[in-house]
Amino acid sequence: MIRNRVTPGRVIRTVLPAEVADVVALHARARATYYPGGLPQDGTDWTAAWRGALTRPDGRVLCVVEAGRIIGLASFRVPEDAPADTVKLFQFHVDPGHWRRGVGAALHAACVEEWRADGRREAVLDVHVDNLRAQGFYRRLGWVPEPAGPEDHHVRMRCALSGE
């Protein structure tokens, strides 16, 4: 586990369980940007889901804090059906009001640093097919998409972690 990263005006650190409401609100704001018809109401209890992610002993949730407010977050762990040297980025969100300010790049760099320190060699993620902005972001950072079928709602992307 890496230590907190502190840069002028920002801290990247582990999210605290008491901050779950802030995490859920940021998650909803970010997801709303790529669902043109509004967020789907699929019955998911996002407070419970995030509380679970925050308390999993085998997972980690990092956040970017600026001016005392969480403006970015990343949730990851080794998935149950994957090799031990593979990590999955389950959630990665930046508050839309903070896009294009280096928040996502800094958070991604912190994730990669931790993954390498933990001996991970590959990272995977699934990004919504309509979230072209996020797909472009990940491509610029070295992620490679896998072919998706016409009925797929997500694109699987991979990133090799062995290089510097």
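**Entry 1. Helix H4 and its surroundings**

I began with what covers the buried residues of helix H4, and I found that the cover includes strand S5 (86–94), helix H3 (103–117), strand S6 (122–128) and strand S8 (154–160). I note at the outset that the model is a predicted one. Helix H4 itself spans residues 132–140, and I listed its buried residues as Ala134, Gln135, Gly136, Phe137 and Tyr138. I then looked just past the end of H4, where glycine 142 has a positive phi of about 100°.

**Entry 2. Nonpolar cores**

I asked which residues touch the most other members of the largest nonpolar core. They are Leu89, Trp115, Tyr138 and Trp143, in a core of 27 residues. I traced the origin of the members: strand S3 (59–66), S4, S5, H3, S6, H4 and S8 each contribute at least two residues. Helix H3 gives the most to this core, namely six residues.

I examined leucine 89 separately. Setting aside neighbours within four places in sequence, I found leucine 89 in contact with Ala74, Ser75, Phe76, Trp115, Val124, Leu125, Tyr138 and Trp143. I also recorded a second, separate core of 13 residues, with Val15, Ala53, Cys63 and Val65 among them.

**Entry 3. Aromatic pairs**

I searched the whole structure for aromatic pairs and obtained six. One of these joins phenylalanine 76 and tryptophan 115, with 5.5 Å between ring centres and 85° between the planes, an edge-to-face arrangement. This pair links distant parts of the chain, since phenylalanine 76 belongs to strand S4 (residues 69–77) and tryptophan 115 to helix H3, 39 residues apart. I checked both partners for burial: phenylalanine 76 is buried at 5% relative accessible area, and tryptophan 115 is buried at 1%.

I then followed the ring pairs outward and found that they link Phe76, Phe92, Trp115, Phe137, Tyr138 and Trp143 into a cluster. I noted a charge over a ring as well: the charged end of arginine 133 sits over the ring of tryptophan 99, 3.8 Å from the ring centre.

**Entry 4. Cysteines**

I asked how many disulfides the structure holds. The count is zero. I next asked why cysteine 63 is not bonded to its closest cysteine. The closest cysteine sulfur, in cysteine 111, is 11 Å from the sulfur of cysteine 63, which is too far for a bond, because a disulfide requires the two sulfur atoms to lie within 2.5 Å. Cysteine 111 is likewise in no disulfide, and the cysteine sulfur nearest to that of cysteine 111 belongs to cysteine 159, 11 Å away. I looked up accessibility for two of these residues: cysteine 63 is buried at 0%, and cysteine 111 is buried at 1%.

**Entry 5. Two histidines**

I located histidine 128 in strand S6. Is histidine 128 buried or exposed? With a relative accessibility of 11%, histidine 128 counts as buried. A polar atom of the histidine 128 side chain lies 3.1 Å from the backbone nitrogen of aspartate 130. Beyond four places in sequence, I found histidine 128 in contact with Tyr34, Tyr35, Gln135, His153 and His154.

I placed histidine 27 in helix H1 and recorded that histidine 27 is buried, at 2% relative accessible area. I listed the residues that histidine 27 touches, not counting those up to four places away in sequence, as Trp46, Trp50, Gln91 and His93. For one of these contacts I looked up the separation: histidine 27 and glutamine 91 are 64 residues apart in sequence, and their C-alpha atoms are 8.6 Å apart.

**Entry 6. Alanine 28**

I then turned to alanine 28, which lies in helix H1 (residues 20–32). Alanine 28 is partly exposed, at 31% relative accessible area. I looked up the distance from alanine 28 to valine 112, 84 residues away along the chain, and obtained 25 Å between the C-alpha atoms.

**Entry 7. Positive phi outside glycine**

I noted alanine 67, which is not a glycine yet has a positive phi of about 50°. Alanine 67 occupies the loop between S3 and S4 and is exposed, with 80% relative accessible area.

I made a matching note for arginine 100, also not a glycine, with a positive phi of about 65°. I found arginine 100 in the loop between S5 and H3, and I recorded arginine 100 as exposed, at 76% relative accessible area.

Note on methods: Residues are numbered from 1 along each chain as its sequence is written. This is a predicted model: local features need pLDDT of at least 70, side-chain atom pairs count only at pLDDT 80 or more; totals for chains, interfaces and linings use all residues. Side-chain values use heavy atoms; hydrogens and water are left out. Buried means under 20% relative accessible area, exposed over 50%, partly exposed in between (1.4 Å probe, protein chains only). Helices (H or I, at least four residues) and strands (E, at least two) are DSSP runs, numbered from the N terminus. Contact means heavy atoms within 4.5 Å. Rings of Phe, Tyr and Trp (its six-membered ring) pair if their centres lie within 6.5 Å; planes under 30 degrees apart count as stacked, over 60 as edge-to-face and the rest as tilted. A charge sits over a ring if NZ of Lys or CZ of Arg is within 6 Å of the ring centre and within 35 degrees of the ring normal. A polar contact is a pair of N or O atoms within 3.5 Å; within protein, one must be able to donate a hydrogen and the other to accept it, and residues adjacent in sequence count only if both atoms are side-chain atoms. A nonpolar core is a set of buried Ala, Val, Leu, Ile, Met, Phe, Trp, Tyr and Cys residues joined through side-chain atoms within 4.5 Å.
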